[in-house]
Amino acid sequence: MQHGETKSSDFDRTDGKAGGWWEWKPEKRALELLFTTGELMVARRQNFQRIYNLRERVHSQWDDQRDLKTPLDCQHQQILLAVRALGIAKPSWIADYFRMKNFNAASEAGKLAAQGLLLTVSVEGWDAPVYVHPEHHALLQLACDGKLNASATSVLSPFDPVVWDRKRAMELFNFDYKLECYTPAAKRRYGYFTLPILRRGKLIARMDAKAHRKERVFEIKALHLEPGTRISQTLAQDVCTAIIRIAQWHQTPEIRLRYCSSAELSDLMNSIL
């Protein structure tokens with residue numbers, strides 16, 4: 001790294017292999033190993049390529065003071081971070097959050113709960129206990145009192161933790177989600193790169209969109225509303241506000257709605273957009 005940030009393509013391939021999606025050259029494997037151990041960080045991306053640099057150059061103020069002596073200490077820390085991020089968590093959701101394969105999250109989460117580091121709660125209709133981070137105790141009490149009201153609406157990335165774990169999305173939101181860009185076009189149900197829409201604690205729609213930056217147009221190819229979603233002026237306003245926000249981020253101020261599964265919602269949105 002004496003010459004500054006670098007990417008794997010800066011190194012010529014010398015192992016004689018043709019290459020491929022996962023056929024990493026030795027230099028790429030080395031960069032990823034150093035990234036995994038925290039010696040390198042990803043400073044930025046060039047198209048899809050990671051641009052690596054030394055940790056101290058990317059995060060000069062980073063100072064990890066956690067006292068993690070063993071691999072199990074690290075895993076316990078990951079469990080605590082996962083539960084805090086998820087809000088409420090089944091053991092299987094915990095393990096998936098950090099891709100902790102072959103790890104008994106249920107047993108280890110139970111140990112942390114016994115130490116008072118996690119709260120154990122029960123949810124009506126669920127057989128096994130679930131966990132909540134103590135930092136969310138006040139929110140948990142509001143939920144138990146029926147006073148926890150979600151207010152945000154946002155267009156999500158397909159890689160957002162809300163939907164990344166497909167099983168969790170189905171169990172928690174009854175939202176059956178699949179990224180269809182790898183599905184042949186004739187077999188797609190919703191579109192090439194559908195974006196889930198989260199509104200006030202519910203996943204209410206999915207949108208297939210494309211940003212035409214040169215033309216400054218944000219095209220909504222299709223918007224599919226989830227079954228049972230009640231259409232209202234407020235819902236339309238929430239969804240449009242979220243779409244306008246993402247369109248502005250892409251610098252595509254003109255928004256065109258091509259198709260909506262609900263004619264009523266389409267009319268409302270067109271009157272706003």
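## Exposure and Lys167

A residue counts as buried under 20% relative accessible area, as exposed over 50%, and as partly exposed in between. The structure described here is a predicted model. Lys167 has a relative accessibility of 52%, so Lys167 counts as exposed. Lys167 belongs to helix H8.

Lys167 can also be placed by its separation from another residue. In sequence, Lys167 and Met100 are 67 residues apart, and from C-alpha to C-alpha they are 16 Å apart in space.

## The chain as a whole

The protein chain contains ten helices and nine strands. Its C-alpha trace spans about 55 × 50 × 40 Å along the principal axes.

The chain has 273 residues, and 36% of them count as buried. The area that the protein chain exposes is about 17400 Å², with 51% of it supplied by carbon and sulfur atoms. Among contacts with a separation of 6 or more, 50% are between residues 24 or more positions apart.

## A buried threonine

Thr252 sits in the loop that runs between helix H9 (233-249) and strand E9 (254-257). Its relative accessibility is 0%, so Thr252 counts as buried.

Which residues is Thr252 in contact with, leaving aside its neighbours within four places in sequence? They are Ala211, His212, Arg213, Arg216, Val217, Phe218 and Ala247.

## Aromatic pairs

A pair of aromatic rings is described by the distance of the centres and the angle of the planes. A search of the whole structure gives five aromatic pairs. In one of them, Trp93 and Trp126, the ring centres are 5.5 Å apart and the planes stand at 85°; an angle over 60 degrees counts as edge-to-face, so this pair is edge-to-face. This pair links distant parts of the chain, since Trp93 is in helix H4 (residues 91-97) and Trp126 is in the loop between strand E3 (119-121) and strand E4 (130-132), 33 residues apart. Trp93 has a relative accessible area of 1% and is therefore buried. Trp126, at 22% relative accessibility, counts as partly exposed.

The rings of Tyr97 and Phe98 also form a pair, with centres 5.1 Å apart and planes at 85°, so this pair is edge-to-face. Tyr97 is partly exposed, with a relative accessible area of 29%. Phe98 has a relative accessibility of 32% and counts as partly exposed.

## Charges over rings

Where does Lys90 lie? Lys90 lies over the face of Trp126, and its distance from the ring centre is 4.5 Å. Trp126 is the partly exposed residue already described as the partner of Trp93 in an edge-to-face pair.

Arg206 lies over the face of another ring, that of Phe175, at 4.2 Å from the ring centre.

## An aromatic cluster and a surface patch

One aromatic cluster is formed by Phe159, Trp164 and Phe193. These residues, together with Tyr192, make a nonpolar surface patch of about 430 Å².

Tyr192 is located in the loop between helix H8 (166-173) and strand E6 (194-199). Is Tyr192 buried or partly exposed? With a relative accessible area of 45%, Tyr192 lies between the limits of 20% and 50%, so Tyr192 is partly exposed.

Conventions:
Residues are numbered from 1 along each chain as its sequence is written. This is a predicted model: local features need pLDDT of at least 70, side-chain atom pairs count only at pLDDT 80 or more; totals for chains, interfaces and linings use all residues. Side-chain values use heavy atoms; hydrogens and water are left out. Helices (H or I, at least four residues) and strands (E, at least two) are DSSP runs, numbered from the N terminus. Buried means under 20% relative accessible area, exposed over 50%, partly exposed in between (1.4 Å probe, protein chains only). Contact means heavy atoms within 4.5 Å. Patches are made of residues with over 30% relative accessible area and no salt bridge: like charges are joined within 9 Å, nonpolar side chains (Val, Leu, Ile, Met, Phe, Trp, Tyr) within 5 Å. Accessible areas come from the Shrake-Rupley method with a 1.4 Å probe; for residues, only the protein chains shown count as cover. A salt bridge is a side-chain nitrogen of Lys or Arg within 4 Å of a carboxyl oxygen of Asp or Glu. Rings of Phe, Tyr and Trp (its six-membered ring) pair if their centres lie within 6.5 Å; planes under 30 degrees apart count as stacked, over 60 as edge-to-face and the rest as tilted. A charge sits over a ring if NZ of Lys or CZ of Arg is within 6 Å of the ring centre and within 35 degrees of the ring normal.
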